[in-house]
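Q: Could you walk me through how the terms used for this structure are earned? I would like each label set against its cut-off.

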Amino acid sequence: MPSVTQPNAPCHVPSDSVEEVLLGVDTHKDVHAAAIVTVLGVALDGRTFPATTDGYRQLVSWARSFGTLRRAGVECTGSYGAALARHLGAEGIDVTEVNQPDKAVRRRRGKTDAIDAEAAARAVLSGRATAAAKASDGRVEMLRLLKLAKGSAIKSRTQAINQLKSVLVSADAALRESLAGLSNPRLFKRCAELGDTEVASPAGTARHVLKLLAHRIQHLTEEIDDLNKRIAEGVEASVPGLLDVRGVGPDSAATLLVAAGDNPERLANEASFAALCGTSPVEASSGKTQRRRLNRGGDRQANAALYRIVLSRLRWEDRSRDYLQRRLAEGKTRREIIRCLKRYVAREIYRLIVPSETAADHPDSAGAVS
């Protein structure tokens with residue numbers, strides 16, 4: 001695929017042509033490979049562009065020189081292609097998220113950036129790729145970033161706690177006995193209050209390290225508390241009333257909002273949201289056996305959030321416990337029942353995230369919790 005800096009000219013269509021074309025982009029960290037395909041499936045040209053603001057403008061101008069550009073298929077719209085997807089959206093171009101090409105096709109045709117870019121355009125043309133890209137330009141994107149920071153802070157705090165207790169196990173007997181039997185908060189506080197000592201001996205070094213790790217744990221705890229507050233405020237600002245739903249906490253709510261994105265209207269209906277969260281039933285019938293199985297696809301973090309909500313309801317909500325007992329009596333397993341309850345919760349959450357959805361169930365969701 002020729003570079004944008006190379007002099008050879010693209011194969012432009014006549015200026016009076018209004019033929020619609022599709023753009024396909026294979027995204028990378030520093031450059032994006034782009035290809036143009038007509039609605040009849042004819043590949044017109046392909047080039048690479050730098051992953052910069054000027055590069056995005058050049059890409060759009062180049063693509064529009066071939067005809068009317070309304071649709072684009074972009075790989076990795078949640079990572080390398082996020083900025084490009086936002087730029088295309090601002091230009092009035094519908095961006096479709098494209099997964100990697102089919103493995104059988106890749107084995108036959110091989111793999112290059114040019115082939116992947118053209119395959120992205122053809123995926124949109126054929127209808128194989130239909131999912132609209134997440135907007136990632138609003139409050140939900142802010143929640144995603146806050147959760148990212150919180151996750152790393154929790155991981156670092158856990159590591160620091162484990163290290164502190166490991167040091168304490170092999171510390172001087174007198175120090176270890178003075179800190180024995182304390183709860184974690186009091187242990188960290190006492191370690192942080194240890195006086196400065198010479199680090200010329202193992203005992204003195206152990207005291208210094210314990211104090212250092214305790215201060216680190218306290219700092220990370222303050223950081224996590226601040227992030228928890230910001231996440232709760234962000235959820236309430238995004239979808240007022242979501243935290244009032246039984247079993248839904250700030251973390252679970254934020255995870256589900258991140259799965260839906262800043263433009264949840266891209267989901268056709270509540271059945272689409274259930275499929276996104278991996279709670280839609282999958283047919284597993286054969287011969288005389290008619291059954292549905294668990295969906296192991298979708299956003300697994302969103303699926304885990306629904307699972308936590310269901311467990312909370314099974315513990316504290318009479319309606320969910322009654323449902324569990326009734327379906328057990330009908331011969332369903334506990335795993336199948338939890339799947340059904342997750343499907344119900346996904347429907348309830350979707351109607352809050354997208355309030356324009358009518359109260360009546362969409363036909364696609366008929367029997368979804370059976």
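Q: What makes Ala274, Ala275, Asn295 and Arg343 contacts of serine 280?
A: In this predicted model, contact means heavy atoms within 4.5 Å. Serine 280 touches those four residues, not counting residues up to four places away in sequence. Serine 280 itself sits in the loop between α10 (270-276) and β6 (282-283).

Q: Why is serine 280 called buried?
A: Its relative accessible area is 14%, and buried means under 20%. Serine 280 is therefore buried.

Q: Why does glycine 298 count as partly exposed?
A: Partly exposed covers the range between under 20% and over 50%. Glycine 298 has 47% relative accessibility, so it counts as partly exposed. You will find glycine 298 in the loop between β7 (292-293) and α11.

Q: Which residues is glycine 298 in contact with, leaving aside its neighbours within four places in sequence?
A: They are Ala275, Leu276 and Gly278. As for a residue that lies elsewhere, arginine 157 is 141 residues apart from glycine 298 along the chain, and their C-alpha atoms are separated by 30 Å.

Q: How do you know that alanine 153 is buried?
A: The relative accessible area of alanine 153 is 2%. The cut-off for buried is under 20%, so alanine 153 meets it. This alanine lies in helix α5 (residues 139-169). Leaving aside its neighbours within four places in sequence, alanine 153 is in contact with Leu220, Glu223 and Ile224.

Q: How many disulfides does the rule give?
A: The count comes to zero. To be counted, a pair of cysteine sulfur atoms has to be within 2.5 Å. In general terms, a disulfide is a covalent bond between the sulfur atoms of two cysteines.

Q: Why do cysteine 76 and cysteine 191 get their exposure labels?
A: Cysteine 191 has a relative accessible area of 0%, so it is buried, the cut-off being under 20%. Cysteine 76 is at 32%, which puts it between the limits of 20% and 50%, so partly exposed is its label.

Q: What makes strand β4 (residues 68-75) and strand β5 (residues 94-98) a pair?
A: Two strands pair if DSSP finds at least two bridges between them. β4 and β5 have five bridges, in the parallel sense, so they qualify as a pair. At one of the bridges, glutamate 75 has valine 98 of β5 as its partner.

Q: Why is the unit of β4, helix α2 (residues 82-90) and β5 called right-handed?
A: The word applies if, with the strands pointing away from the viewer, the path from the first strand over the helix to the second runs clockwise. The β-α-β unit of β4, α2 and β5 is classed as right-handed by that test.

Q: How do you know that strand β2 (residues 31-38) and β3 pair?
A: They share seven bridges in the antiparallel sense, and at least two are needed, so the pairing holds. Valine 31 stands opposite proline 50 in β3. The two strands form a hairpin with four residues between them, and glycine 41 in the turn has a positive phi of about 90°.

Q: Why is strand β3 (residues 43-50) described as largely enclosed by the rest of the structure?
A: Six of its eight residues are buried, so the description follows.

Q: What makes α9 largely enclosed by the rest of the structure?
A: Nine of the eleven residues of α9 are buried, so the helix is largely enclosed. Among them are Ser252, Thr255, Leu256 and Val258. The buried residues of α9 pack against α5, α8 (202-238), α10, α11 and α13 (334-353). Glycine 261 follows α9, with a positive phi near 90°.

Q: How much space lies in the largest pocket, and which residues are closest to its centre?
A: About 890 Å³ of space lies in the largest pocket. Of the 31 residues that line it, Lys134, Val258, Ala259, Arg266 and Asp299 are the closest to its centre. The elements giving two or more residues to the lining are α2, α5, α9 (250-260) and α11 (300-316). α5 gives the most, with five residues.

Conventions: Residues numbered from 1 in each chain as written. Predicted model: local features only at pLDDT ≥ 70, side-chain atom pairs only at ≥ 80, totals over all residues. Heavy atoms only, no water. Buried < 20%, exposed > 50% of the residue type's maximum accessible area, 1.4 Å probe, protein only. 1 Å grid on protein atoms, 1.4 Å probe; cavity = no way out; pocket = protein on both sides within 12 Å on 5 of 7 lines; lining within 4 Å. Points joined across faces, edges and corners; volume = space filled by probe spheres on them.
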